[in-house]
Amino acid sequence: MKKLLFLLSSRFSNRPSKLRATNFRLFCDRSLSSLSRRPGPVTYYKSLVNQGKLKHDPYQEKVAFELDNLLGRLDQYEKDMEEYHTKLAKWEESRENERRRLLMKEANAKQQGDASSINKRRNFFQTWMSSHKKVDGAEQGVGKWVSYLNREKKLDSMVGQRPVAPPAPKGLYIYGNVGSGKTMLMDMFYSATEGIVQHRRRLHFHEAMLQIHDLMHKVWKNKEIENSLQSSISNWVKNLPFDTRVKEWLVEEERYKQEMKIKNILPAVADKFLVDGQGRRTGASILCFDEIQTVDVFAIVALSGILSRLLSTGTVLVATSNRAPNELNQDGMQKEIFQQFLTKLEEHCENVPIGSEIDYRRQIAKSSIDQSHYFWPLDSTVIKEYEDTWNKIVEHSGGKVTSQTLPVMFGRTLEVFESCNGVARFTFEYLCGQPIGAADYIAVAKTYHTVFITDIPVMSMRIRDKARRFITLVDELYNHHCSLYCCAAAPIDDLFQGTEEGTLFDLESFQFETETEDTKLRRDVLAEANTTTSSRENTTGIISLLSGQEEMFAFQRAVSRLIEMQTSFYLEGVRQIHPYFQEKQTGGSFEIKVTG
């Protein structure tokens, strides 16, 4: 079910929301604490049941109570984490000051022992920045490592051990069937945390993977670290009263410290994941992660490393999935890393099954279906109705149909040949017949509140790559609450049933390659960075080995979402929830984004 609760805004809140929709829903605004407290998941859920918008389900109610209990523990945890981060900042500042004092002491010793070189000054920084030549006076290899460790041990005795973070409340891992309400409940919780926790993020799997790709690429290429390193070194080393050789030694020691920090790329990425350039992290943090999956080696390695790091540093995780944690990795990829992740997940999260076998999207659809958004079959009469609808929507938008170039992640663009004031039209072949992926679909979904797609065929093994892209496309249009008009060869329930060429999935051999840009990026990152702690699998041809059962989940989810997207209940929310309209709003109802 999807974004059900915006209708409750007039009942529960009389003041305009200060929320602004962002791609990853990151909120670090202290002003949020002044807002009136949002009702918790149980209050939301019971209100919807009482209004007849939801049918009571004991499994859903149980999960709502679990989320309410977690919500009640966050107030004190936020205060404890604020106090902890204040102590941590002081400890880090003190440690850095002592570390530099130790370095100065060592540099003085080197200066006195090598006075003959004092007249051999040169433009040190220009030489270092351009050539990065090895320094004769700096310890190399094991020697440098021993020097680093000895300095760290001295700092431990002088400054004391790192402050210990307060124990975090256990998060929740909610799993169950398609359409059972997992994400609806998670999003009730997420909305209720506004004003309680400073750092909040709500991510869908596709968004998370794209963000991880981007951050890994930046960190590994040292774009940010190199700039900060040059700046910090220049600020405190260049004016010191030492000769060039000693300054070079200091620079090498600083560089080595930075290299030690990013030796494992995933913790470095995780540390940027929640704060996202918003400054220093203070207070508690929550990550709501929708549809955890382990579709390939990269997903297992990246999610294991980043989520483990976040959990270890006090982030509260609320996640949804179609599978129980121990069933996520049925293909047995990267078993050692995955097992470590399961251990960490078990330590920090309660597993909560939502046992309903009912697809509630279909239940809603039975009472509120609007067939004018889904046209079939592909005959002349239906196509004319579809074209007439397009023309009416364009006329109502009051603009002129033009082409547009959308910026996409990784420096790419996507051409949109027919668009008009938040409305766009595509063919199935254009969006799903070429090697594009989630990044492109997110760009489309964020830009256009209404999307027309024509010539949608019945999926079969012959076009399995297109079928996979179509599923991802539906996911993103749904996640951003777009209005979708389809012109297809068959009704929704028959789209994934296969053709005379055979069924869409093959339990023995069904597999999909990842999207072109993702495959290349994953291969590059894995080839260049040490992202695993055990032997890596062959990265020259990373593919996503998805079992037939896993694909069945994806097909069922796509059908379930396509059905809900035709209902009046869903369509009423487009103008309140879609980013296109939210950017134009000055206040009013707040968003509950339900995608489970």
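Start by selecting helix 3, residues 58-72. This helix lies across strand 1 (171-176), strand 4 and strand 5, and it runs at about 160 degrees to strand 5. Keep in mind throughout that the model is predicted.

**The sheet under helix 3**

Now show the strands that belong with strand 1. An open sheet of 5 strands appears, in the order 2-3-4-1-5, and the pairing is parallel. Go to the edges next: they are strand 2 (199-204) and strand 5 (349-354). Each has a single partner strand, so one side of each has no neighbour in the sheet. Turn the view to follow the twist, which averages 10 degrees from one strand to the next. As background, strands of a sheet pair through backbone hydrogen bonds, either parallel or antiparallel.

Zoom in on one pair. Select strand 3 (residues 285-290) and strand 4 (residues 316-321). They pair in the parallel sense over 4 bridges. Pick L287 and look across to strand 4: L317 stands opposite.

**A cis peptide bond**

Select W376 and P377. The peptide bond that joins them is cis, with omega about -10 degrees. Where does P377 lie? P377 is in the loop between strand 6 (374-375) and helix 15 (380-397).

**Two helices in contact**

Select helix 17 (residues 438-447) together with helix 18 (464-479). The two pack at an angle of about 35 degrees, and their axes are 9 Å apart. The crossing of helix 17 past helix 18 is right-handed.

Show side chains at the contact. From helix 17, pick A438, Y441, I442 and A445; from helix 18, pick R469, T472, L473, E476 and L477. These two groups meet. Sorted by class, the contact has 6 nonpolar, 1 polar and 2 charged residues.

**Two residues with positive phi**

Next, select D455, in strand 10 (residues 450-456). Phi of D455 is near 60 degrees, a positive value in a residue other than glycine. Is D455 buried, exposed or partly exposed? D455 counts as partly exposed because its relative accessibility is 41%, and the partly exposed class runs between 20% and 50%.

Then move to H481. Phi of H481 is also near 60 degrees, again positive in a residue other than glycine. H481 sits in the loop between helix 18 (464-479) and strand 11 (483-488). H481 is buried, with a relative accessible area of 0%.

**The cysteines**

Stay in this region and select C482. C482 is buried, at 0% relative accessible area. Then take C486, within strand 11 (483-488). C486 is buried too, with a relative accessible area of 0%.

Why is C486 not bonded to C487? The closest cysteine sulfur to that of C486 is in C487, 8.9 Å away, so the two are too far apart for a bond. The cut-off for a disulfide is a sulfur pair within 2.5 Å. A disulfide is a covalent bond between the sulfur atoms of two cysteines. How many disulfides does a search of the whole structure find? The search finds 0.

**Zoom out**

Finish with the whole protein chain in view. The chain has 23 helices and 11 strands. Colour by burial: buried residues make up 55% of the 596 residues. Then consider contacts between residues at least 6 apart in sequence. Of these, 85% join residues at least 24 apart.

Note on methods: Residues are numbered from 1 along each chain as its sequence is written. This is a predicted model: local features need pLDDT of at least 70, side-chain atom pairs count only at pLDDT 80 or more; totals for chains, interfaces and linings use all residues. Side-chain values use heavy atoms; hydrogens and water are left out. Buried means under 20% relative accessible area, exposed over 50%, partly exposed in between (1.4 Å probe, protein chains only). Axes are lines fitted to C-alpha atoms, for helices over the stretch in contact, and angles run from 0 to 180 degrees between N-to-C directions. A crossing is left-handed if the near helix is turned anticlockwise from the far one by less than a right angle, and right-handed if clockwise. Contact means heavy atoms within 4.5 Å. Ala, Val, Leu, Ile, Met, Phe, Trp, Tyr, Cys and Pro count as nonpolar, Asp, Glu, Lys and Arg as charged, and the others, Gly among them, as polar. Two strands pair if DSSP finds at least two bridges between them.
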